[in-house]
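Let us take a walk through this structure together, one feature at a time. Have the sequence and the 3D view at hand as you read.

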Amino acid sequence: MNNQAMLQEEFSLSGQVALITAGARGLGKGIALELAKCGAYVWIWDNDDQALESTRSEFESQGLRIGILKLDLVDPISLQRAYERLISESSNLHILVNNAGGSLHTPFQFLKESDEDWMRLIELNLMTTVRLTRLVLPCMVSNKYGRIVNLGSKAGRYGSLFAGANYVAVKGAVHSLTIQLAQEFGLHGITVNTVCPGAIMTERVKGLLASRQSPEERQRVINEIPVRRHGEIDDVARTVRFLVSKSAGFITGSLIDVNGGQVMST
Ligand SMILES: NC(=O)c1ccc[n+]([C@@H]2O[C@H](COP(=O)([O-])OP(=O)(O)OC[C@H]3O[C@@H](n4cnc5c(N)ncnc54)[C@H](O)[C@@H]3O)[C@@H](O)[C@H]2O)c1
């Protein structure tokens, strides 16, 4: 085998099944595309019918087969049924990307956030990850192999100027959960890591920044980012591709900053 073929083999996900939550749009969709291009059979779960269908057409036009399922990820019973369906159709699961989350554009001032705002974020960002990870782990344990990647956030590590305390705190909880799961399941060949993006230019984030920051503020922020740009979906998707590859087997319990150096830690 020549060097190029060996490299391709290292990053190949051929024969593997991957599940990406909230994957019909934004980062989830980009991650799904990246893993499908590496040969994985990808399942995308989302609650938006239209976005799911248009994502499926987009994948099929590139010769990539995917499974799509419409469900509300915060409903534990739907989650259980969806997982049963995935296993009955695909027989196995090797990769889980807990991408569902976000600030749901709740107020970013602590004193304006209601208990309901807090609970909605806890359910979507944390409990969906907890419940789904609990469902998939027995399969990964019996395979003696698994790759779990959670979507955390720069906000959850370092705070945020345009997302609120609820978002920051709940992503912090996802980060801590990552470390504990890595601790507990490493001996079963399962790695658990979290990617912590800065602002990534999905359609939603472009709109959010436009509504919450003036063009001058935007430019000032970009000037403070060492690489002088915001992130793109591919920046995150390629990081996830590495973390789920065989080559990343010694990396677990890590919080990987993908923020162009906007915030750094030792
Ligand atoms: N985009 C960024 O700049 C950024 C930065 C840091 C972290 N993140 C994290 O990355 C993840 C993805 O963010 P994004 O910006 O790509 O999101 P997005 O808003 O672009 O897409 C979210 C997707 O989730 C689906 N969804 C929402 N609620 C759902 C539910 N209850 N059940 C099923 N599907 C549901 C939506 O239909 C949509 O397809 C989130 O966890 C977010 O916190 C994003």
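A polar contact here is a pair of N or O atoms within 3.5 Å. Keep in mind as well that this is a predicted model.

With that in hand, let us begin at the ligand. One of its oxygen atoms sits 2.7 Å from a polar backbone atom of Ile 200. Asn 47 also takes part through its backbone, where an N or O atom lies 3.1 Å from a nitrogen atom of the ligand. Arg 25 uses its side chain instead: a polar atom there is 3.2 Å from an oxygen atom of the ligand.

How much of the ligand does the protein bury? On its own, the ligand would expose 840 Å², and the protein buries 90% of that. Helices α2 (26-37), α7 (165-185) and α8 (203-212) are the elements that each give two or more residues to the surrounding shell. There are 27 residues around the ligand, and those that come nearest are Leu 27, Asp 46, Tyr 167, Ile 200 and Arg 204. By character, the shell divides into twelve nonpolar, nine polar and six charged residues.

Next, please find helix α5, which covers residues 115-143. Its 29 residues, at 1.5 Å each, should span 42 Å, and the C-alpha atoms at its ends are 40 Å apart, so the expected and modelled lengths agree. Follow the helix along and you will meet a kink of about 40°, centred on Met 127. Just after α5 comes Lys 144, with a positive phi of about 55°.

That backbone angle deserves a short pause. Most residues other than glycine have a negative phi. Where else can you look for a positive value in a residue other than glycine? Ala 22 has one, with phi near 50°, and its place is in the loop between β1 (17-21) and α2. Leu 104 is another, again with phi near 50°; this residue is found in the loop between β4 (95-98) and α5.

Finally, let us turn to the aromatic rings. Searching the whole structure turns up two aromatic pairs. In one of them, the ring centres of Phe 11 and Phe 242 are 6.3 Å apart and the planes meet at 45°, so this pair counts as tilted. Phe 11 belongs to helix α1 (residues 3-11) and Phe 242 to helix α10 (residues 233-243), so the pair ties together parts that are 231 residues apart in sequence.

Note on methods. Residues are numbered from 1 along each chain as its sequence is written. This is a predicted model: local features need pLDDT of at least 70, side-chain atom pairs count only at pLDDT 80 or more; totals for chains, interfaces and linings use all residues. Side-chain values use heavy atoms; hydrogens and water are left out. Helices (H or I, at least four residues) and strands (E, at least two) are DSSP runs, numbered from the N terminus. The expected span of a helix is 1.5 Å times one less than its number of residues. The bend at a residue is the angle between axes fitted to the seven residues ending there and the seven starting there. A residue is near a molecule or strand if one of its heavy atoms lies within 4 Å of it. A polar contact is a pair of N or O atoms within 3.5 Å; within protein, one must be able to donate a hydrogen and the other to accept it, and residues adjacent in sequence count only if both atoms are side-chain atoms. Accessible areas come from the Shrake-Rupley method with a 1.4 Å probe; for residues, only the protein chains shown count as cover. Ala, Val, Leu, Ile, Met, Phe, Trp, Tyr, Cys and Pro count as nonpolar, Asp, Glu, Lys and Arg as charged, and the others, Gly among them, as polar. Rings of Phe, Tyr and Trp (its six-membered ring) pair if their centres lie within 6.5 Å; planes under 30 degrees apart count as stacked, over 60 as edge-to-face and the rest as tilted.
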